[in-house]
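Colleague: I would like to go through this structure by question and answer. Could you show it before we start?

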Amino acid sequence: MAFALPELAYANNALVPYIDELTMEIHRGRHHNAYVTNLNNAVNGDAALEGKTLEELLADNLAIVPDAKKAAVRNNGGGHFNHSLFWLIMAPNGQGGGGEPIGQLADAINATFGSFDNCKAQFKAAAIGRFGSGWAWLAKKADGTLEIYSTPNQDTPLMDGKTAIIGIDVWEHAYYLQYQNVRPGYVDNWWNVVNWNTAEAIFNGAVTLTF
Ligand code: MN
């Protein structure tokens, strides 16, 4: 079964004024779509890889992937996972997007970081501190506690056994049309479209993501 580009649950212009319509259109339709195409090209026809889930491919730092395919699966499999999650954990402001964490995730954020404001400050530091392209994450470790960190390129928490709860794409393609070089402004505005209901469902195990 081939990997597929997921549909958005909202329109390309639904995240305006925080993320512009053309960025959404190009980001999913071209960038994400290329990761899906290249991932399928890497696994299709390879007996060791075809039919494996994304989780199986990426787990344990791509342990099951032959060396010759590791870079392709790492970049494109990570890209497919990260972007699929990114669309899901956003929603239009006031229609599921924005506000504050809820439920068990809110409790864990307060326990780990002291407050949501502290969590946001650490997350922003991770996002703007990532030199070049990558992501910043709020992730759940195997022991159930939270961690904020960033990954380069399309590396994803799945690769080191963590569960990504929310993540922000800080590749320039994610924000350059609207924000140009002002990555901190993009990060600040992004909180207005974070879907905390979905984040809570991922954190408490109500949903298990399969892309
Ligand atoms: Mn991207």
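Modeller: The questions below go through helix packing, domains and two backbone details.

Modeller: This is a predicted model, in which local features need pLDDT of at least 70, side-chain atom pairs count only at pLDDT 80 or more, and totals for chains, interfaces and linings use all residues. Residues are numbered from 1 along each chain as its sequence is written, and side-chain values use heavy atoms, with hydrogens and water left out.

Colleague: At what angle do the axes of H1 and H3 cross, and how are the two helices therefore classed?

Modeller: Helices (H or I, at least four residues) are DSSP runs numbered from the N terminus, as are strands (E, at least two). An axis is a line fitted to C-alpha atoms, for helices over the stretch in contact, and angles run from 0 to 180 degrees between N-to-C directions. The axes of H1 (residues 21-43) and H3 (residues 67-88) come within 8 Å and cross at roughly 140 degrees. Angles under 35 degrees count as roughly parallel, over 145 as roughly antiparallel, 65 to 115 as roughly perpendicular and the rest as oblique, so H1 and H3 are oblique to each other.

Colleague: How many nonpolar, polar and charged residues does the contact of H1 with H3 have?

Modeller: Contact means heavy atoms within 4.5 Å. Residues of H1 that meet H3 include Met24, Tyr35 and Leu39, and those on the H3 side include Val73, His80 and Trp87. Ala, Val, Leu, Ile, Met, Phe, Trp, Tyr, Cys and Pro count as nonpolar, Asp, Glu, Lys and Arg as charged, and the others, Gly among them, as polar. By these classes, the contact of H1 with H3 has 11 nonpolar, 10 polar and 2 charged residues.

Colleague: What is the angle between H4 and H5, and how are they therefore described?

Modeller: H4 (residues 103-113) and H5 (residues 116-129) have axes 8 Å apart, and they pack at about 75 degrees. Ile109, Asn110 and Phe113 of H4 touch Phe116, Asn118, Cys119 and Gln122 of H5. The two helices are therefore roughly perpendicular.

Colleague: Which three residues supply 32% of the area that domain 1 buries against domain 2?

Modeller: The domain bounds come from an automatic or database domain assignment, which gives domain 1 (21-88) and domain 2 (103-203). Buried area is the accessible area (1.4 Å probe) that two parts lose on being put together, summed over both. Between these domains that area is about 1,700 Å², with 64% from carbon and sulfur atoms. The three residues that supply 32% of the share of domain 1, more than any other three, are Asn82, Leu85 and Phe86.

Colleague: Is the peptide bond from Val16 to Pro17 cis or trans?

Modeller: Pro17 lies in the segment before H1. The omega angle of the bond from Val16 to Pro17 is near 10 degrees, and the bond is cis.

Colleague: What is the phi of Asp60?

Modeller: Asp60 is found in H2 (residues 54-62). Its phi is positive, in a residue other than glycine, and the value is near 55 degrees.
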